[in-house]
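Take a look at the model below. Then follow the strands, the sulfur bridge and the core in turn.

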Amino acid sequence: QVQLVESGGGLVQPGGSLRLSCAASGSISSFNAMVWYRQAPGKERELVARITSGGTTNFVDSVKGRFTISRDTAKNTVYLQMNSLKPEDTAVYFCNVQLRKTLFGSLVDYWGKGTLVTVSS
């Protein structure tokens, strides 16, 4: 089985920074995409940032220039560095990983349980 453990959420003042981490453990052969989503109260879940196996990154327009996504393949970990945080960034942030458990296995989606980010003065 594969487990995703997110960390790094918390309360931060507007303009502050946080770094989220998502560590994957278990039977993993390779990763495809590693993605951060968020869901604010009363809103639908939205894709925040994505990094492919080739290192290509994509961001939702509202975080471009403020957030970066990176990964450490040796640690099976993806990071979301969030700078210049705004109250509207308040949400539960979820990690989503697409991976293969064996060399030629099918791609499988796994989700973390989420970590709460609150931006408030």
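Which residue in β8 is the bridge partner of Arg 71? That partner is Val 78. Keep in mind that the model is predicted.

One register further along, Asp 72 stands opposite Thr 77 of β8. These pairs belong to β7 and β8, the latter covering residues 77-82. The two strands run antiparallel and share six bridges. They form a hairpin with four residues between the strands. In this hairpin, Asn 76 takes a positive phi near 50°.

Now widen the view to the sheet. Strands of a sheet pair through backbone hydrogen bonds, in a parallel or an antiparallel manner. Here four strands make an open sheet, and their pairing is antiparallel. The order is β1-β3-β8-β7. β1 (2-7) and β7 (67-72) are the edge strands, each with a single partner, so one side of each has no neighbour in the sheet. From one strand to the next, the twist averages 15°.

Next comes the sulfur chemistry. The structure holds one disulfide. Cys 22 and Cys 95 form this bond, with an S to S distance of 2.1 Å. Cys 22 sits in β3 (residues 18-26) and Cys 95 in β9 (residues 91-100), so the bond ties together parts that are 73 residues apart in sequence. The torsion about the S-S bond is about -80°, so the disulfide is left-handed. Both Cys 22 and Cys 95 are buried.

Turn to the nonpolar interior. The largest nonpolar core has 29 residues. Trp 36, Phe 67, Val 78, Leu 80, Met 82 and Tyr 93 have the most contacts inside it. Several strands give two or more residues to this core: β1, β3, β4 (30-39), β5 (46-51), β7, β8, β9 and β11 (115-119). β9 gives the most, with five residues. Val 78 has already appeared as the bridge partner of Arg 71.

Leu 80 shows how such a core residue is surrounded. Beyond residues up to four places away in sequence, Leu 80 touches Leu 18, Arg 19, Leu 20, Trp 36, Val 48, Ala 49, Phe 67, Thr 68, Ile 69 and Tyr 93. Among these, Trp 36, Phe 67 and Tyr 93 are also on the list of residues with the most contacts inside the core.

Polar side chains can be followed too. Is Arg 38 buried or exposed? Its relative accessible area is 5%, so Arg 38 counts as buried, the cut-off being under 20%. Arg 38 is placed in β4. Its side chain makes a polar contact of 2.7 Å with the side chain of Glu 46. A further polar contact, of 3.3 Å, links the side chains of Arg 38 and Ser 62. Leaving out residues up to four places away in sequence, the residues that Arg 38 touches include Glu 44, Val 48, Val 63, Phe 67, Asp 89 and Tyr 93.

Thr 115 is another case, this time in β11. Thr 115 is buried, with a relative accessible area of 10%. Which backbone atom does the side chain of Thr 115 reach at 3.3 Å? That atom is the backbone nitrogen of Gly 9. Setting aside neighbours within four places in sequence, Thr 115 is in contact with Glu 6, Gly 9, Leu 20, Ala 91, Val 92 and Tyr 93. Tyr 93 also touches Arg 38 and Leu 80.

Methods. Residues are numbered from 1 along each chain as its sequence is written. This is a predicted model: local features need pLDDT of at least 70, side-chain atom pairs count only at pLDDT 80 or more; totals for chains, interfaces and linings use all residues. Side-chain values use heavy atoms; hydrogens and water are left out. Two strands pair if DSSP finds at least two bridges between them. Axes are lines fitted to C-alpha atoms, for helices over the stretch in contact, and angles run from 0 to 180 degrees between N-to-C directions. A disulfide is a pair of cysteine sulfur atoms within 2.5 Å. Buried means under 20% relative accessible area, exposed over 50%, partly exposed in between (1.4 Å probe, protein chains only). A nonpolar core is a set of buried Ala, Val, Leu, Ile, Met, Phe, Trp, Tyr and Cys residues joined through side-chain atoms within 4.5 Å. Contact means heavy atoms within 4.5 Å. A polar contact is a pair of N or O atoms within 3.5 Å; within protein, one must be able to donate a hydrogen and the other to accept it, and residues adjacent in sequence count only if both atoms are side-chain atoms.
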